[in-house]
Amino acid sequence: MKSIRYLAFFWVTTLLACSNPEQPSETKVQQTPKQTQIDNAKDYHSFANPDEVKVSHIDLDLTADFEKHQLIGTATLTYQKVDEQSETLILDTRGLTILEVTAGNVPLAFELQKEDPNLGSALRITLPKSGNQVTINYHTSKEASGAQWLTPEQTAGKQFPFLFTQAQAVHARSFIPLQDSPQVRVTYTATIRTPEELLAVMSAANDPDTERDGVYEFNMPQPIPSYLIALAIGDLHFKAMGERTGVYAEPSILDAAAKEFEDTESMLEATEKTYGPYSWDRYDLLILPPSFPFGGMENPRLSFITPTVIAGDKSLVSLIAHELAHSWSGNTVTNATWRDLWLNEGFTTYLTYRIMEMIYGTDRYNMEAVLGYQDLEADIAALPDNDEILAIDLRGRNPDDVFSNIPYEKGALFLREIEQKIGRDNFDKFLLEYFNHFAFESITTDQFVNYLDKTLLTTYADVLDKERIQQWIFEPGIPEGAPVPESDAFSKVDTARNAWLEGSLSAKQVDTQGWTVHQWLYFLNNMPDELNESQLSALDDAFQLTASKNNEIAHSWLLIAVKNQYKPAYERLHSYLVNIGRNKLVKPLYKELSKTVEGKAFAKRAFEEAKPGYHPLTVRVNKKFVE
Ligand code: BES
Ligand code: ZN
C-alpha cells in the first residue's frame with residue numbers, strides 16, 4: 001500500500017506542478033509523508049489493504065521443524081471484498097518464503113515487494129474473479145523476528161526443545177502472512193504438527209487432556225487482532241488452579257507456578273464483578289523459559305508469562321493481574337493502531353492497580369502505585385517530548401524501539417484523575433459501559449475522546465473539562481495537579497534510608513523486620529546515584545543483596561552496583577545477564593554498563609555469551625549498548 005500511496009503522491013504533486021507553469025520549481029510541494037498531517041485512523045505499521053479487501057478468518061496447517069527452526073505449511077485466508085472493484089489482496093510478511101498461492105488449487109499470481117527494515121515486505125496477491133479464500137504455501141525464516149526456537153539446554157527441563165511466538169506489535173507477519181494490523185480482527189483455526197513427545201498450545205481453546213500425539217487442533221471462535229495470535233510448543237504439562245484457571249509449564253516448575261499464581265481465579269472473579277463478565281471462556285497461564293522477552297503477553301485465553309516472577313511469595317503477581325486485565329482492555333476493546341497503545345496499556349495498568357487492591361488490599365496498592373509513579377517520573381525526565389505523549393506519533397519508527405512507561409503509567413494516572421473527580425463507583429460504571437460499547441472492536445484515540453465527550457464530559461461537566469483531557473492525551477509531561485500516589489509503608493523506609501545515609505544507623509541496625517519486596521525496591525530505587533565501596537559492602541553484608549533470589553530486587557541492586565562499579569556483584573551481574581532475557585530486566589543494566597569503557601567491555605562479554613539464548617527482540621534492543 002505504501003508504494004501505491006507514494007506513487008499517488010508523486011503523481012499528484014507532479015500534476016500540480018505541471019498545471020501551474022508559473023510556479024517556480026523550488027516551491028513545488030516538497031512535503032514528505034513524514035511532514036504531512038497524521039491520519040489518525042491509518043495504521044502506519046501495516047502494508048495491508050483492509051479498506052479494500054478484509055480478511056476475516058485464518059486457517060493454519062503448520063509443521064514445527066525443530067531441526068530447521070522453521071514453521072512450514074499453509075495459511076488459508078477467508079476474505080470479503082469491501083470494495084467490489086478491488087482485485088488485489090495485500091498482506092504483511094517478514095522474512096517469509098512464499099512457495100505458492102492458490103485458490104481452489106488454481107495458482108494465483110503474487111508479488112513479494114521490497115523489504116522495509118521495520119515493517120517487512122508487502123505480499124500482493126491477484127485475486128480470482130470469484131471465491132473468498134486463498135491458500136498460501138510458505139515457510140518462516142530461521143531468524144523470524146516473532147519466534148524463538150530454544151535448544152533443550154535453554155529450557156527448565158534441559159531435555160526437549162521449545163518454541164514460542166511473540167507477535168505484538170508487528171511480528172505476527174514473521175510467522176503468518178496476514179493483514180498484520182490491530183484494526184483487522186480474525187477468527188482462526190489451526191492444525192499444528194510437532195514432534196510426538198511435545199505439546200502445542202495456542203491463544204485459543206486448549207484441551208489439557210488432549211492426546212499427546214504430535215497433532216493438535218485449535219479454534220479461536222472470537223475475532224481477535226493479529227498481534228494476539230500465539231503458539232508455543234514444548235514439554236508442557238497442565239495443572240488446574242481453579243474452575244476456569246490453570247497453568248501450563250514444564251514439569252519441574254509446574255507446582256511452583258501453580259502455587260505462586262493461585263490467586264488468579266479470585267482476580268478473575270473480582271475483575272468480572274467490577275467490569276463485567278469475562279468474555280473468553282477459560283483463563284490459563286503459560287510459563288515460558290527465561291528468555292521470554294516480556295514480563296507477560298496477554299494472548300487470549302492463555303497469557304504468556306516470564307518465569308522471572310515466580311518469587312515464592314506472590315510479590316510479583318501484579319503481572320498476572322495485568323495480563324488478565326487485558327482480557328477487557330486490549331483483547332475485548334483493542335487499540336486500532338500502535339499510536340493508540342495507551343488505550344490498551346493505560347487502561348490495563350489502571351485495572352491492574354484496582355485488581356491488586358481488591359485482592360491484596362490498599363497498602364499493597366499504594367506501594368505499587370508509588371513505584372509505578374516513580375518509573376513514570378524517571379521516563380519523563382529522560383524522554384524527548386514527543387515520546388511523552390499518550391497518542392504518540394510513531395510514523396517511520398519501529399514500535400519495539402519506543403517501549404516506555406508513558407502509555408502504561410501516564411495512561412493509568414489520567415484515568416485515576418478522572419476516577420477521583422467523578423467518584424470511583426461512577427467511573428467503574430463508565431468503564432463497564434465502555435467495554436460493552438466497543439466490545440470486539442478496535443478503536444482510535446479519537447473515537448475514545450468522542451465517546452468521552454458524549455458520556456462523562458456531558459454528565460460530569462461540572463468537574464471535567466475538555467482542555468484538561470486534551471492536555472493529558474496530546475501533550476508531553478504530567479499535567480500539573482495530577483494525582484500523586486502515596487504510601488505510608490514507604491515513609492518508614494525513607495526514614496531508615498536517611499538514617500543510614502547520614503550515618504546515624506549502621507546497615508545492620510536498620511530495622512527491616514517484616515519489609516515487603518516492595519519496600520525493599522523502594523529502599524534501593526531511591527538511593528543516591530553515588531555510594532562508596534564501604535557503603536555498598538555494608539548494605540550487601542547486612543542484607544545479602546547480591547544473593548537476592550527476587551529478580552526485581554536483584555535488578556535494582558545490580559543497577560546500583562553498576563553505577564558505582566561495585567565489583568563483588570559482577571559475577572552475579574554476569575549470570576543475571578546471561579540467564580535472563582526479559583528486556584525490562586536486562587536493558588537498564590546494559591545501558592548503564594555502556595557508560596564506561598570498562599563497563600562496556602564487561603557488557604560485551606556477557607552479551608556475546610547470552611546472545612545465542614536471547615530472543616531476537618532482546619538482541620536488537622540491546623546490541624547498540626555493546627557496539
Ligand atoms: N502487551 C504487553 C507487552 C507488549 C507491549 C509487547 C507492547 C509488545 C508491545 C504486556 O501486556 C505488558 O504490558 N507486559 C509488561 C507487564 C508489566 C507492565 C506488568 C511487561 O512485559 O513488562
Ligand atoms: Zn500490557
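# A walk through the predicted model

Setting aside neighbours within four places in sequence, Ser226 is in contact with Ala167, Ala172, Leu178, Gln179, Asp180, Ser181 and Val184. The model in which these contacts appear is a predicted one, and Ser226 is a convenient place to begin reading it. This serine is found in the loop that runs between strand E13 (215-225) and strand E14 (231-234). Because its relative accessible area is 4%, below the 20% under which a residue is called buried, Ser226 counts as buried. One of the residues it touches, Asp180, also meets it through a polar contact between the two side chains, at 2.7 Å.

Another loop, the one between strand E10 (162-165) and strand E11 (185-193), holds Ala169. The peptide bond that leads from Gln168 into Ala169 is cis, with an omega near 0 degrees. Such a bond deserves a second look, since most peptide bonds are trans. Gln168 is also among the closest of the 15 residues that surround ligand 1, a group of closest residues that further includes Gly295, Glu298, Glu323 and Tyr408. An N or O atom in the side chain of Gln168 is 2.7 Å from a nitrogen atom of ligand 1, while a polar side-chain atom of Glu298 lies 2.6 Å from a nitrogen atom of that ligand.

Glu345 leads from ligand 1 to the metal. A polar atom of its side chain lies 3.0 Å from a nitrogen atom of ligand 1, and Glu345 also serves, through OE, as a protein donor of the zinc ion (ligand 2), together with His322 (NE2) and His326 (NE2), at 2.0 to 2.1 Å. Along the chain these donors follow the spacing H-x3-H-x18-E. Since His326 lies in the loop between helix H4 (318-325) and strand E20 (333-335), whereas Glu345 belongs to helix H5 (residues 341-360), the pair ties together parts that are 19 residues apart in sequence. Both His326 and Glu345 are buried.

Helix H5 is also the place of Thr352, which is buried, with a relative accessible area of 7%. Apart from neighbours within four places in sequence, Thr352 is in contact with Ser318, Ala321, His322 and Ala325. His322 in that list is also a donor of the zinc ion (ligand 2).

Further along the chain comes helix H15 (residues 551-563), whose 13 residues, at 1.5 Å a residue, should span 18 Å, and the 18 Å between its end C-alpha atoms agrees with that expectation. At the start of this helix, a side-chain oxygen of Asn550 reaches to within 3.0 Å of the backbone nitrogen of Glu552. How many of the 13 residues of H15 are buried? The count is 12 of the 13, so H15 is largely enclosed by the rest of the structure. Among these buried residues are Asn551, His555, Trp557 and Val562, and what covers the buried residues of the helix includes helix H13 (517-525), helix H14 (533-543), H16 and H17.

Just after H15, in the loop between H15 and H16, Gln565 has a positive phi of about 50 degrees although it is not a glycine. Gln565 is partly exposed, with a relative accessible area of 32%. Lys158, which is likewise not a glycine, has a positive phi of about 65 degrees, and its place is in the loop between strand E9 (147-150) and E10. These angles are worth noting against the background that most residues other than glycine have a negative phi.

The last stop is helix H18 (residues 597-610), where 14 residues should span 20 Å at 1.5 Å a residue, in agreement with the 20 Å that separates its end C-alpha atoms. Its residues Gly599, Phe602, Ala603, Ala606, Phe607 and Ala610 are buried. Seen down the axis of H18, the buried residues fall within an arc of 135 degrees, so they line one face of the helix. A general property of helices bears on this pattern: an α-helix has 3.6 residues a turn, so residues three or four places apart point the same way. The buried residues of H18 pack against helix H16 (570-579), helix H17 (583-593) and helix H19 (616-622), whereas the face turned away from the buried side carries the exposed residues Val597, Glu598 and Arg605.

Notes:
Residues are numbered from 1 along each chain as its sequence is written. Chains are lettered from A and ligands numbered from 1 in the order in which they are written. This is a predicted model: local features need pLDDT of at least 70, side-chain atom pairs count only at pLDDT 80 or more; totals for chains, interfaces and linings use all residues. Side-chain values use heavy atoms; hydrogens and water are left out. Helices (H or I, at least four residues) and strands (E, at least two) are DSSP runs, numbered from the N terminus. The expected span of a helix is 1.5 Å times one less than its number of residues. Buried means under 20% relative accessible area, exposed over 50%, partly exposed in between (1.4 Å probe, protein chains only). The arc is that of the directions from the helix axis to the C-beta atoms. Contact means heavy atoms within 4.5 Å. A polar contact is a pair of N or O atoms within 3.5 Å; within protein, one must be able to donate a hydrogen and the other to accept it, and residues adjacent in sequence count only if both atoms are side-chain atoms. Donors are N, O and S atoms within 2.8 Å of the metal (3.2 Å for Na, K and Ca); water is not among the atoms, so sites may look incomplete. A residue is near a molecule or strand if one of its heavy atoms lies within 4 Å of it.
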